[in-house]
Structure formats: structure tokens, C-alpha cells
Amino acid sequence: MHALAPDLGALHRRVLDWYAGASRPLPWREPGTTPYGVLLSEVMSQQTPVARVAPIWREWLERWPTPAALAAASPGDVVRAWGRLGYPRRALRLHEAAIAMVQRHGGEVPSTPEELRALPGVGDYTASAVACFAYDAPVPVVDTNVRRVLVRLLDGEAQAAPALTRHERDLALAALPVADADAVTWGVAAMELGALVCTARTPRCEECPVEDLCAWRAAGSPPYAGPVKRTQRWEGTDRQARGALMAVLREAPGPVPAERLALAWPQEAQRDRCLHSLVVDGLVEPLDGDRYRLPA
DNA sequence: CAATCGTGGTG
DNA sequence: TCACCAAGATT
């Protein structure tokens with residue numbers, strides 16, 4: 001697994017102590033946050049920086065304070081409230097998850113990783129994060145930050161693999177503190193260390209509470225040697241086109257004529273293809289008279 | 001497994 | 001400036 005057997009106890013203690021003093025005051029970390037609030041924050045934070053999430057998270061909780069309230073909203077209102085967080089299918093899935101929670105869980109957010117994992121838009125990471133953060137389950141929480149931290153600290157690698165590997169999963173399980181109370185905080189603490197100190201580019205090793213225990217530092221901070229992940233291009237892609245179309249539909253109070261969408265994305269073939277895929281996704285509703293709107 | 005799916009900030 | 005990146009999930 002790893003060549004050295006570091007003093008995990010010391011590592012845990014120092015990272016947990018560091019977290020106690022250095023963690024950001026994110027709104028969903030405030031006492032009194034419901035499991036539903038935690039779930040919202042996790043889904044919104046999938047691939048979106050937390051700084052942009054915070055204001056939308058507050059608005060959503062105020063407007064739809066419970067799964068039942070969210071379930072009763074129209075998908076279009078939900079997508080519009082999602083605003084510019086990106087990947088709007090997440091908003092739709094959150095809405096579907098709310099309906100599922102009403103139907104299957106009495107309007108409550110389920111507490112086990114298995115039940116959570118069965119909700120739309122909830123994968124392995126989000127399921128364990130909600131179980132851990134909202135219900136104090138001592139389970140490994142493995143996001144991109146944690147993977148990077150563990151791989152540097154224990155493997156001496158500069159970066160994690162392009163996608164979660166079996167090895168990294170094993171590493172996370174092996175690195176979980178034995179005491180439940182520590183294990184529950186370990187997830188956020190390791191995530192926070194990755195977000196603030198052990199960052200992807202230009203890590204702040206001078207500020208790291210476990211620099212002297214880090215295998216990557218001990219090896220002289222060697223550069224990443226593994227496979228490089230493809231950088232996705234953006235200009236002219238369907239994603240850009242869909243984004244442009246969705247922006248128009250979000251900002252319009254009602255149905256939008258096709259000519260208006262043509263202004264937002266002039267290339268006809270691509271526009272039609274993207275409009276179709278948005279309809280298939282349930283993000284757009286076609287109407288009579290060649291008009292479109294967010295789903296009612 | 002690899003491609004797809006938004007958006008905006010930043011080194 | 002612009003490639004890279006940010007609490008992933010789904011197919």
C-alpha cells in the first residue's frame with residue numbers, strides 16, 4: 001500500500017487540531033443545519049466552488065426549507081433558482097431526490113450511505129459525505145481533495161489519478177481514524193486541508209500541519225508522473241451551446257420564441273441538436289408555435 | 001472505462 | 001492571456 005508506515009495517530013491529531021482552528025465558516029457548517037441543508041450543499045458543490053454556492057444555498061433553504069417543499073416546486077422554478085451554478089441537471093436531480101424522499105422516506109433525508117446512494121444525483125462521494133456530516137457516520141469521505149491529500153501524504157505522489165482508483169479507496173479506509181468521533185471529523189478536516197493548504201497547484205506546504213510526515217515532501221516534491229487527463233475544450237462545444245440556450249430560458253419569465261434562441265446560438269444544426277438534448281434531459285419544454293420554456 | 005455535462009475565478 | 005481548476009454523477 002505504501003512503503004512507510006507513518007504515525008497515523010500523530011497525523012490524525014495534528015490535522016484535526018489544525019481543522020479546529022483553520023476551517024472556513026461555511027454556512028452549512030453552522031450548528032442547526034439540517035441533513036437536507038447538508039445534502040443541498042453537497043450537491044451544489046459538485047464541481048462548483050463553495051464560494052459561489054453559499055448565496056444560492058441560503059436562497060434555496062429559505063424558499064424550500066424541506067424536501068417536501070422542494071418536491072412541491074416546479075422543475076422550472078428549481079432550475080431557475082439554480083442560476084449559474086452550472087450543470088443544471090443537478091438541480092433537476094435534486095428535485096427528483098426530494099420527490100423520492102417524500103415517497104420513500106417520509107420526507108426525511110435518509111441516513112445510511114446505501115439509501116442516500118439510491119437517490120438521483122447522489123453518488124458514492126455525496127452519499128458518504130451526507131451520512132458523515134449530517135448523521136455522524138464514521139465512514140470514509142473521499143473527494144478530490146482527500147484523494148490528493150492522501151496520495152501525497154502516504155504515497156509520495158504529486159497528484160491523484162484522473163479517476164478514483166481502488167488503491168485510493170483502500171488508502172482512505174486505512175487512513176480512517178479508529179475512534180468514531182475522530183473518524184467523523186476526519187473527512188471534513190482532510191477535505192479542508194486539501195482545499196486550503198494541500199492544493200492542486202502551488203500547495204502551501206509551509207503552512208501544513210503535517211509537512212514533516214508527508215511522503216511527497218520527504219521525496220523532494222517530485223512532479224506528477226502518471227497519466228494526464230484530457231483537458232476538455234470549450235469553444236463551440238455542445239456544452240457551451242446548451243449553456244447559452246439555458247441562460248436565455250432562465251432569464252425569460254415565460255415561453256421564448258425560437259428566433260430568440262437562434263440569436264443566442266446561431267448555428268442551426270447544433271442549436272437543434274442541443275435543444276433536443278435539453279428536452280430529453282427534462283431541462284426544456286417545447287411548446288406549440290415553436291416556443292420553448294423551462295419545464296412547468 | 002472514458003466521454004459528457006456549465007460556469008466563473010485565477011495563477 | 002488562457003489553460004487549468006472547483007466538495008462528481010451518469011451513461
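This briefing walks through the DNA-facing surface, the cavities and one pocket of the structure above. The model is predicted. Around DNA strand C there are 27 residues, and the protein holds two cavities of 30 Å³ or more. The second largest pocket, with about 330 Å³ of space, rounds off the tour.

**The surface near DNA strand C**

- Among the 27 residues that surround DNA strand C, the closest are Trp28, Gly121, Thr126, Asn145 and Thr231.
- Sugar or phosphate accounts for 63% of the atoms of DNA strand C that lie within 4 Å of the protein, and bases make up the rest.
- By class, this surface splits into nine nonpolar, nine polar and nine charged residues.

**Contacts with phosphate oxygens**

- Gly121, one of the closest residues to DNA strand C, places a backbone N or O atom 2.7 Å from a phosphate oxygen of that strand.
- Asn145 is also listed among the closest residues, and here a side-chain N or O atom sits 2.7 Å from a phosphate oxygen of DNA strand C.
- For Tyr125, a polar backbone atom is 3.4 Å from a phosphate oxygen of DNA strand C.
- Looking at whole elements, α8 (124–135), α9 (144–155) and α11 (180–196) are the ones that give two or more residues to the surface near DNA strand C.

**The largest cavity**

- You will find about 110 Å³ of space in the largest cavity.
- Its lining consists of 14 residues, and those nearest the centre are Leu153, Cys198, Cys205, Cys208 and Cys214.
- Both α9 and α12 (215–218) supply at least two residues of this lining.
- The largest share comes from α9, with three residues; α9 also gives two or more residues to the surface near DNA strand C.
- In terms of class, the lining of the largest cavity has eleven nonpolar and three charged residues, with no polar ones.

**The second largest cavity**

- The volume of the second largest cavity is about 50 Å³.
- Val139, Pro140, Val141, Val146, Leu150, Ala172, Leu176, Trp186, Gly187 and Ala190 form its lining.
- Each of α9 and α11 contributes at least two residues to the lining of the second largest cavity, and α11 provides the largest share, three residues.
- Nine of these lining residues are nonpolar and one is polar, while none is charged.
- If you are tracing helices, α9 supplies lining residues to the largest cavity and to the second largest cavity.

**The second largest pocket**

- The second largest pocket is lined by 15 residues, of which Asp124, Ser128, Pro140, Val142 and Arg169 lie nearest its centre.
- Pro140 also lines the second largest cavity.
- At least two lining residues come from each of α7 (113–117), α8 and α10 (166–174).
- With five residues, α10 gives the most to the lining of this pocket.
- The class split of the pocket lining is nine nonpolar, one polar and five charged residues.
- Two domains take part: domain 1 (1–24 + 138–229) and domain 2 (25–135) each provide at least three residues of the lining of the second largest pocket.
- As for α8, it helps line this pocket and is also named among the elements that give two or more residues to the surface near DNA strand C.

How values were computed: Residues numbered from 1 in each chain as written. Chains lettered and ligands numbered in written order. Predicted model: local features only at pLDDT ≥ 70, side-chain atom pairs only at ≥ 80, totals over all residues. Heavy atoms only, no water. Near = heavy atom within 4 Å. Polar contact = N/O pair within 3.5 Å; in protein donor to acceptor, adjacent residues only side chain to side chain. Helix = DSSP H or I, 4+ residues; strand = E, 2+ residues; numbered from the N terminus. Nonpolar A, V, L, I, M, F, W, Y, C, P; charged D, E, K, R; others polar. 1 Å grid on protein atoms, 1.4 Å probe; cavity = no way out; pocket = protein on both sides within 12 Å on 5 of 7 lines; lining within 4 Å. Points joined across faces, edges and corners; volume = space filled by probe spheres on them. Domains from an automatic or database assignment.
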